[in-house]
Amino acid sequence: SSRKMRAEWFGSSSSALLDEQAEPLTKNIMGLSHKEYAKKLAPALFENRTGSDAGGNPRAGMMSLRDVSMISDLAQLTVELLRRVRAVTLGMLRDVADAKDSVNSEGPWTLSGSEREIELLGVLEKVAVYVGGSWLLKPQFLNPKLTEKAAAARDILIFLFSRNDVLVEIDVDAVLRDFAVSSEDYFVSLKELSDLQKGKGWNFKVLGSDNFSEVFPEAAAKQARVIEKRASAARRALMGMRDSSKSAKSSKPLEKWLDKRLKEVGVSSMGQLQNESILEGFSGVSEQDFKIKLDMAATTAGEVYMRKSIGKESEDRFRDVILEMFRQQHHVTREEASSEMIRVLGEDIQNTVYIRVMSEIAEPTPFGWVLKTVDDSNA
């Protein structure tokens with residue numbers, strides 16, 4: 001029966017995981033006791049609360065680390081390990097998966113770009129996101145599952161932490177308030193991802209370090225884009241939930257205005273957009289709050305801001321490639337764009353789409369297209 005299968009999968013209760021009286025492990029992947037195993041895996045995150053959620057409450061139905069150590073499938077091992085410790089580095093996962101006799105609990109974990117690491121990276125990319133040196137489980141794989149609103153809020157929090165090591169709760173609240181997200185919807189994730197430092201704010205937890213961004217620079221850059229896209233999708237989902245629950249009686253959110261304004265002008269600067277927003281009635285917004293909301297609504301290439309998306313998935317994927325090219329080089333030719341499209345996407349961009357995308361953000365020159373510039377003299 002399904003109940004029997006579930007019992008066989010999750011095994012016995014893990015409530016005594018850190019109990020000194022618990023029966024010691026004599027045959028796990030590192031040959032350590034329950035307590036030593038937990039400390040080796042995530043000392044900075046869990047200390048004395050392994051087997052609990054971020055608030056210290058036992059997580060019912062959670063696999064014990066003993067059961068996790070017996071999993072041979074890498075995807076299952078990774079998900080269950082992350083459900084338990086909530087964050088890993090690629091180096092840590094490699095050492096656990098390879099059944100090392102010992103694991104350096106504080107790092108750094110040195111990567112070499114081996115086939116084994118590439119295999120594990122492929123697994124991580126499917127179930128987790130990379131931020132601040134650690135891989136965090138995507139909301140859909142968490143246990144217990146988050147509500148749709150709480151999951152979207154978590155993706156936005158991860159995006160904010162990818163830009164700032166420390167967040168002040170009042171700023172987080174200001175970002176999420178427009179979407180009718182209460183502190184109850186995001187506080188569990190905030191506490192999971194960060195530690196509260198008196199007088200400073202919520203400081204992102206650093207598990208350890210490895211040389212991931214040096215060994216896998218393209219994967220690290222890709223993760224930054226993934227986090228940004230997930231935050232944009234979360235923002236749209238929250239806007240949809242908000243608009244479906246009540247009619248929009250108040251003024252339009254600042255992010256919506258920013259998207260509309262960038263659609264009109266193509267590119268702009270923060271100073272110019274901030275001055276224009278005040279004239280539109282968005283006064284009283286601090287520079288830090290404005291910057292956070294601008295990062296949510298727009299992306300950058302060169303020294304200018306432009307829309308993150310034009311609202312057409314079939315064209316956005318080509319546009320993303322072009323934006324990445326402008327981040328790496330001053331001008332882009334049609335031939336260069338075609339070559340990069342085929343390399344990244346496996347197909348070329350239609351000329352009409354190419355012209356439409358380029359015309360919004362760039363200007364033609366004899367050497368190719370260059371990004372539009374912004375006159376900030378009056379900003």
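## A ring cluster and some strand pairings

Y130 is buried, because its relative accessible area is 14% and the cut-off for buried is under 20%. Keep in mind as you look around that this is a predicted model.

What does Y130 join up with? Ring pairs link Y130, W135, F212 and F216 into a cluster. In the whole model, the count comes to seven aromatic pairs. In one of them, the rings of Y130 and F212 have planes at 45°, so the pair is described as tilted. Y130 belongs to strand β2 (residues 128-131) and F212 to helix α11 (residues 212-215), so this pair ties together parts that are 82 residues apart in sequence. F212 is itself buried, with a relative accessible area of 0%. F212 also forms a tilted aromatic pair with F216. As for F216, its relative accessibility is 10%, so F216 counts as buried too.

Here are the two pairs side by side:

| Aromatic pair | Centre to centre | Angle between planes | Kind |
|---|---|---|---|
| Y130 and F212 | 4.5 Å | 45° | tilted |
| F212 and F216 | 5.5 Å | 35° | tilted |

Now let's turn to the strands. Strands of a sheet pair through backbone hydrogen bonds, either parallel or antiparallel. One open sheet here has three strands in the order β4-β6-β5, with antiparallel pairing. Which strands stand at the edges of this sheet? They are β4 (166-167) and β5 (194-197); each has a single partner strand, so one side of each is left without a neighbour in the sheet. Two bridges join β4 to β6 (residues 201-204), and you can find V166 opposite N203 in β6. A helix joins the picture as well: α10 (residues 183-193) lies across β5 and β6, running at about 55° to β6.

Further along the chain, look for strand β11 (residues 368-371), which runs antiparallel to strand β9 (residues 331-332) and is joined to β9 by two bridges. In this pairing, H331 stands opposite V370 in β11. Strand β10 (residues 362-365) also runs antiparallel to β11, with four bridges between them, and here P364 stands opposite W369 in β11. How many residues lie between β10 and β11 in their hairpin? There are two.

One more ring deserves a visit. R334 lies over the face of Y354, at 4.6 Å from the ring centre.

Notes: Residues numbered from 1 in each chain as written. Predicted model: local features only at pLDDT ≥ 70, side-chain atom pairs only at ≥ 80, totals over all residues. Heavy atoms only, no water. Pairing = 2+ DSSP bridges. Contact = heavy atoms within 4.5 Å. Axes fitted to C-alpha atoms, helices over the stretch in contact; angles between N-to-C directions. Phe/Tyr/Trp six-rings, centres within 6.5 Å; stacked < 30°, edge-to-face > 60°. Buried < 20%, exposed > 50% of the residue type's maximum accessible area, 1.4 Å probe, protein only. Lys NZ or Arg CZ within 6 Å of the ring centre and 35° of its normal.
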